[in-house]
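Work through the exercises below with the sequence and the model side by side. Try each task before reading its solution.

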Amino acid sequence: MIKLFKVKEKQRELAENASGGAPVKKQSAGELRLHKDISELNLPKSCTISFPNGKDDLMNFEVVIRPDDGFYLGGTFLFSFQVSPIYPHEAPKVKSKTKVYHPNIDLEGNVCLNILREDWKPVLNINTVIYGLYHLFTEPNYEDPLNHDAAAVLRENPKMFESNVRRAMAGGYVGQTFFPRCM
């Protein structure tokens, strides 16, 4: 049975070469699923997606989030997505490329979002992840922090947290850390 498949594949390759067509790159199951997810995206108007390496590289893309509510209103935040060939069985790797004062995003850009870790399930998709990121900006969570200092300020003094967020987004220091302007 396996030999039959090899023979059929060899015949298909010979037919493609004879017709002068370029060899067709096979897409992984992850690429096929990602293509479907991207074609079905239903993003909020404050989120945009781009493909810096061109449409041929769907597995690496960027998402810009401009929150229209909450502490981060007026900011622009860039995230990179790297999707594994075994997607959706593995969550995409998401990193913030914008340095941000946030309880759930550390200064290296790592994102603390449960659906990117222990709560990931193959039924989830890119749309769900983008909405999850957007939700982090409208409702930051101090109970599951990566940036413990920001989480403590949010928990103990929300007015000071808001002031720190504004200072960071305007391009300034919060404590000893400088944040580039992202407004």
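The exercises go from the overall fold to the sheet, the helices and the aromatic rings; the model is a predicted one.

**Exercise 1. The overall inventory**

Task: State how many helices and strands the protein has, and in what order the elements run.

Solution:
- Step 1. Count the elements. The protein has five helices and six strands.
- Step 2. Walk from the N terminus. The order is α-α-β-β-β-β-α-α-α-β-β.
- Step 3. Check the burial. Of the 183 residues, 42% are buried.
- Step 4. Turn to the surface. The protein exposes about 10,800 Å², and carbon and sulfur atoms supply 55% of that area.
- Step 5. Look at contact range. Take the contacts with a separation of 6 or more: residues 24 or more positions apart account for 53% of them.

**Exercise 2. The four-stranded sheet**

Task: Give the strand order in the open sheet of four strands, and say which strands stand at its edges.

Solution:
- Step 1. Set out the order. It is β1-β2-β3-β4, with antiparallel pairing.
- Step 2. Find the edges. β1 (47-50) and β4 each have a single partner strand, so one side of each lacks a neighbour in the sheet.
- Step 3. Add the twist. From one strand to the next it averages 25°.
- Step 4. Take the pairs in turn. β1 and β2 are joined antiparallel over four bridges. Here cysteine 47 has isoleucine 65 of β2 as its bridge partner.
- Step 5. Move on to β2 and β3. Six bridges hold this antiparallel pair. Glutamate 62 stands opposite serine 80 in β3.
- Step 6. Finish with β3 (residues 77-82) and β4. They run antiparallel, with four bridges between them. Phenylalanine 79 faces serine 96 in β4. Phenylalanine 81 has valine 94 as its bridge partner.

**Exercise 3. Two faces of a strand**

Task: Sort the side chains of β4 (residues 93-96) by face, and say which are buried.

Solution:
- Step 1. Recall the rule. Side chains in a regular strand alternate between the two faces of the sheet.
- Step 2. Apply it. Val94 and Ser96 point to one face; Lys93 and Lys95 point to the other.
- Step 3. Assign burial. Val94 and Ser96 are buried, while Lys93 and Lys95 are not.
- Step 4. Set β2 beside this. Five of the six residues of β2 are buried, so the strand is mostly covered.

**Exercise 4. Helices and what they pack against**

Task: Which residues of helix α2 (residues 29-39) are buried, and why do they lie on the same side?

Solution:
- Step 1. List them. Gly30, Glu31, Arg33, Leu34, Asp37 and Ile38 are buried.
- Step 2. Look down the axis. These residues cover an arc of only 165°, which puts them on the same side of α2.
- Step 3. Compare the spacing with helix geometry. An α-helix has 3.6 residues a turn, so residues three or four places apart point the same way.
- Step 4. Check the other side. Ala29 and Ser39 are exposed there.
- Step 5. Find the partners. The buried residues of α2 pack against β2 (60-65) and α3 (126-138).
- Step 6. Follow α3. This helix lies across β1, β2, β3 and β4, and runs at about 150° to β3.

**Exercise 5. Aromatic pairs**

Task: Classify two of the aromatic pairs, phenylalanine 77 with phenylalanine 137 and tyrosine 87 with tryptophan 120, and locate their members.

Solution:
- Step 1. Start with the total. The structure holds twelve aromatic pairs.
- Step 2. Take phenylalanine 77 and phenylalanine 137. Their ring centres are 4.4 Å apart and their planes at 20°, so the pair is stacked.
- Step 3. Locate the rings. Phenylalanine 77 is in strand β3 and phenylalanine 137 in helix α3, so the pair ties together parts 60 residues apart in sequence.
- Step 4. Check burial. Phenylalanine 77 is buried at a relative accessible area of 0%. Phenylalanine 137 is buried at 1%.
- Step 5. Take tyrosine 87 and tryptophan 120. The centres are 6.1 Å apart and the planes at 40°, so this pair is tilted.
- Step 6. Locate this pair. Tyrosine 87 lies in the loop between β3 and β4, and tryptophan 120 in the loop between β4 and α3, so parts 33 residues apart in sequence are tied together. Tyrosine 87 and tryptophan 120 are buried.
- Step 7. Widen the view. One aromatic cluster includes Phe77 and Phe137, along with Phe71, Tyr72, Phe79, Tyr101, Phe161 and Phe179.

Technical notes
Residues are numbered from 1 along each chain as its sequence is written. This is a predicted model: local features need pLDDT of at least 70, side-chain atom pairs count only at pLDDT 80 or more; totals for chains, interfaces and linings use all residues. Side-chain values use heavy atoms; hydrogens and water are left out. Buried means under 20% relative accessible area, exposed over 50%, partly exposed in between (1.4 Å probe, protein chains only). The arc is that of the directions from the helix axis to the C-beta atoms. Contact means heavy atoms within 4.5 Å. Two strands pair if DSSP finds at least two bridges between them. Accessible areas come from the Shrake-Rupley method with a 1.4 Å probe; for residues, only the protein chains shown count as cover. Axes are lines fitted to C-alpha atoms, for helices over the stretch in contact, and angles run from 0 to 180 degrees between N-to-C directions. Rings of Phe, Tyr and Trp (its six-membered ring) pair if their centres lie within 6.5 Å; planes under 30 degrees apart count as stacked, over 60 as edge-to-face and the rest as tilted.
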